[in-house]
Amino acid sequence: MSEQKANKYIKIYGARENNLKNVDVQIPRDKLVVFTGLSGSGKSSLAFDTLFAEGHRRFVESLSAYARMFLGQLDKPDVDRIEGLSPAISIDQKTTSKNPRSTVGTVTEIYDYLRLLYARCGTPHCPICGKEIVRRTIDSILDEIMEIPEGTRFYVLSPVVKAKKGTHAKLFNDLAKDGYSRVRVDGEIYSLSDNLDLDKNLRHDVDIVVDRLVMRNDIRMRLSDSVETACKEANGLVVIAFHDGEINGEKERMYSQNFACIEHNISLGELEPRMFSFNSPFGACPECDGLGEKSELSVEKLFPDMSLSLEKGACVCNGFKTIRHDSWSGIGIDKALARFGYSVSTPLDKMSDDAKSMLFYGDGTPIRYSYKGFPINFAGILTDINRRYELCENNPDQREYYEQFMQNVECTACAGRRLKKETLAVTVGGLNIAEVCALPINKALEFFNNLKLSAQNSIIAKDILKEIKERLGFLMSVGLEYLTLSRRSGTLSGGESQRIRLATQIGSSLTGVLYILDEPSIGLHQKDNSKLIATLKKLRDLGNTLIVVEHDEETMLSADYIVDIGPGAGVNGGKIVACGTPDEIMKLKGNVTADFLSGRRRIDVPEKRRDCKGKYLEIFGAREHNLKNIDVKIPLGVFTCITGVSGSGKSSLVNGIVLPALENEINRSKKVIGNCSGIKGTEYLDKVISIDQSPIGRTPRSNPATYTGLFTEIRILFAKTKDAQIRAFKQDRFSFNLRGGRCEACQGDGTLKIEMHFLPDVYVTCDTCHGKRYNRETLEVKYKGKNISDVLEMTVDEGCEFFANIPKIYKKLKTLQDVGLGYIKIGQSSTTLSGGEAQRVKLATELSKKATGKTMYILDEPTTGLHTADVEKLTEVLSKLVKLGNTVVVIEHNLDIIKTADYIIDLGPEGGDAGGEIIAQGTPEEVAKCKNSYTGEYLKKMLSGEFYTEEKISENDAPKAKKGRKRKEVKEN
């Protein structure tokens, strides 16, 4: 009985990874368990760095040493032991593929089933006339061959191998045994008696030479036998290759018993799944190699100011920056423009379109001229720059220089659809595979539910359609109905990518697995939260254990068990504060999570909304992605929230149009601005800052002190000490990145990497500096009894007290403390900071700078990874920025942030094609009155107090009135 009970739990003993304080905890199996706590409290350390790391390590170590050589070695987490651990799968937000060939369809494997469906049930059409292609008979093939002019010598070939690797030695032996004497390999005719030695690593084409003929009227019988033989060997394919040259521009013709358009002489081979793959040469568009876009020189980037003439520096590329009438390029350009009445002195915006086309691309015929006796051709500035780019193939620096003037544009051959025209001419249900992939998930599911097939194809497609519909249904269930299967993986947010992987895992129907998820609710509107929770429960009901690192209130209330980690963050966290069911947690007193979860504590609604004073940033005709040609006015000098359901167009508006437009206008960047008619009001701003959750550095040498500029001030201070001046130490002496002051044994890292065979690399503390990073002489320099290493080991709170009398240092430390980062070490490695911590370091850096009062701060879901208590601090920080006269624009779903905004722009009503419109705008109170707004619906409950249900709040636990606001008054608002 006790053994059965023990198997119901995952038991962790002595977890010490990162900031965990020797934690012991029992987690129930086959349940939905939420790990929560303040940002930086140790949730991810316990879930990912301990549980997942150990589960993954055990699986890898169960494999052979040979297999482990390819998988790499995994570090053993710092934990005494873990009992009851299942195979673990991590579904986090950091695994989004940036490969341009990766799409939603390929990641979910739906595209693989689509390829199979189209190969087995597709109806081919002629890509020219659109008529349905029918199978050709031997007689129709013979009739067409017999029309070849008399006396023409030709081969009858049977294409048996198409672009396959290998030596094909067995094939050659079998053909020789069957009586064949010649083959064509990669376009060349060989005798089978030759010793054919093909490179096994290259792809080869092999055709059997069935017959060699000269066209005469009396060869039909022999030709018929040869064609039948060829078709038999190559599954219905035969190639007629002309011996002496071309006929009507053709060197050879391919005929197929399978599919052909007689009118346009187009034959298709047997439909295969690889024909529909844009990652295979058989299906990929030959112009863009299946990418759907091509990189080409941008006129806008090369000529950013059209009001200038070439003589005044209109072109910013080397070689064309200053063009005079008598320069080597100026003579040719003057000659080219002379026919239009222009010269290098004419401003570009004064030239006609034809003249600019001639200037940029030429007219197809190079203009010949001479410079100091040397003959030169002018074929257009962009043509010439592109030629230079191609010539510097082996010079990475030069290529990088020219690539800054390039942009990706849609491939004209395939119109961005990635596939060959022959492949796109195959349809199922009237749509080709690219058109199906361009449908939103909900429309795609509707298409397959209504798909009518012939009786035979219905039998063939039964299992394929079942898999496609199930996977589309899973994507719908996690709130991703607005995505398309052709959407690139690299354009997905972390939350979207995570939910796609979650849907894929449901489709696998595994049981007995430990799934660990990192905030799957990120980027999800409140209305879709219930769908996500139902999905998580479905995965649990299959017999799996789910551990979800989450701060979302609804998810916590739906969980079977909650593990609260804290009580603080960083060095003040790493302990198990509470464990139990949601009801048990809510009854706890003095617990931050319990107080917010029960409603005893909440973020206050501002008593008064700020007025924008009539200044706006106006965007006209926004059409990027799914935006419906909308005009948007963002008020300046206030806190604005851009809200709406997932996929409604928030990021397209802010990150696609507003941010690049402001960076181009204010910072003189060369970003591509999303599709819009224009922007007005940029003159009210002098700076734009985008604050995201990307790491502040990617190496252990980067830390909050170096990022904020604090370390420079500390080094200057140490260089001014008496000890340093006696030794003539400058501030460079106190850098662990430079020779002189650092420990050379570890080169300033403080640790040494020991490589182990068949075991993970071991990092040991440097025995020369004992982890202090500096040499002995540098460490002898002290300020108030502390050396430079001691200062880096201080927490921000300790630093504020220690440097209270040094204004430059204190100000930067105080801003870090104000954003809730008092617990982190001044020299803490940036690689150990969470996304939320990194974002707050960036916020603190901006806060510590001198404010201009005309800055726009843009934040994309800043509440990611933040506990409600941290969100409370974030609202205070954002309020400080606005009080200084700045503008804050936030893309957000978190209602606690939205309710504190001064102004809301709500997009929708749905995601994808059903979104892209402004549903409501105004103060939170005004948006809450809009009946068509999903955000307004939830906001109304939040502002009225209905969001906090009676089950969550008892009368005794009701929050006390703050700042004179009564609970009843909140309801009235």
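Reader: In β9, which residue is the bridge partner of V185?

Author: Note beforehand that this is a predicted model. As a general idea, strands of a sheet pair through backbone hydrogen bonds, either parallel or antiparallel. Here the partner of V185 is E188. That bridge joins strand β8 (residues 182-185) to strand β9 (residues 188-191), and the two run in the antiparallel sense over 4 bridges.

Reader: How many residues lie between the strands in the hairpin of β8 and β9?

Author: The hairpin has 2 residues between its strands, and D186 takes a positive phi near 55°.

Reader: What is the order of the strands in the open sheet of 3 strands?

Author: The order is β6-β19-β20, with antiparallel pairing. The edges are β6 (123-124) and β20 (431-432), each of which pairs on one side only. Strand β19 (residues 426-428) meets β20 over 2 bridges, again antiparallel, and V428 has L431 of β20 as its bridge partner.

Reader: Now the interior. Which residues touch the most other members of the largest nonpolar core?

Author: In soluble globular proteins, nonpolar side chains tend to be buried together. In this model the largest such core holds 72 residues, and F639 and V888 touch the most other members. Helix α32 (residues 868-883) is the element that gives the most to this core, with 7 residues.

Reader: What does V888 touch, not counting residues up to four places away in sequence?

Author: V888 touches V638, F639 and T640, then Y857 and L859, and finally L878, L881 and V882. F639 is thus on the contact list of V888. A second, separate core has 68 residues, including V34, I110, A119 and L419.

Reader: Turning to open space, how much of it lies in the second largest pocket?

Author: The second largest pocket has about 1,300 Å³ of space. Its lining consists of 39 residues, and those closest to the pocket centre are K162, L237, M254, G269 and F282.

Reader: Which elements give two or more residues to the lining of the second largest pocket?

Author: Five strands and one helix are listed by name: β7 (153-165), β10 (203-214), β11 (237-242), β12 (252-256), β14 (266-268) and α14 (421-424). The largest share, 6 residues, comes from β7.

Reader: How many residues of each class does the lining of the second largest pocket have?

Author: The lining has 15 nonpolar, 7 polar and 17 charged residues.

Key: Residues are numbered from 1 along each chain as its sequence is written. This is a predicted model: local features need pLDDT of at least 70, side-chain atom pairs count only at pLDDT 80 or more; totals for chains, interfaces and linings use all residues. Side-chain values use heavy atoms; hydrogens and water are left out. On a 1 Å grid over the protein atoms alone, a cavity is a set of points where a 1.4 Å probe fits but cannot get out, and a pocket is an open set with protein on both sides within 12 Å along at least five of seven lines; lining residues have an atom within 4 Å of a point. Grid points are joined across faces, edges and corners, and a volume is the space filled by probe spheres set on the points. Ala, Val, Leu, Ile, Met, Phe, Trp, Tyr, Cys and Pro count as nonpolar, Asp, Glu, Lys and Arg as charged, and the others, Gly among them, as polar. A nonpolar core is a set of buried Ala, Val, Leu, Ile, Met, Phe, Trp, Tyr and Cys residues joined through side-chain atoms within 4.5 Å. Buried means under 20% relative accessible area, exposed over 50%, partly exposed in between (1.4 Å probe, protein chains only). Contact means heavy atoms within 4.5 Å. Two strands pair if DSSP finds at least two bridges between them.
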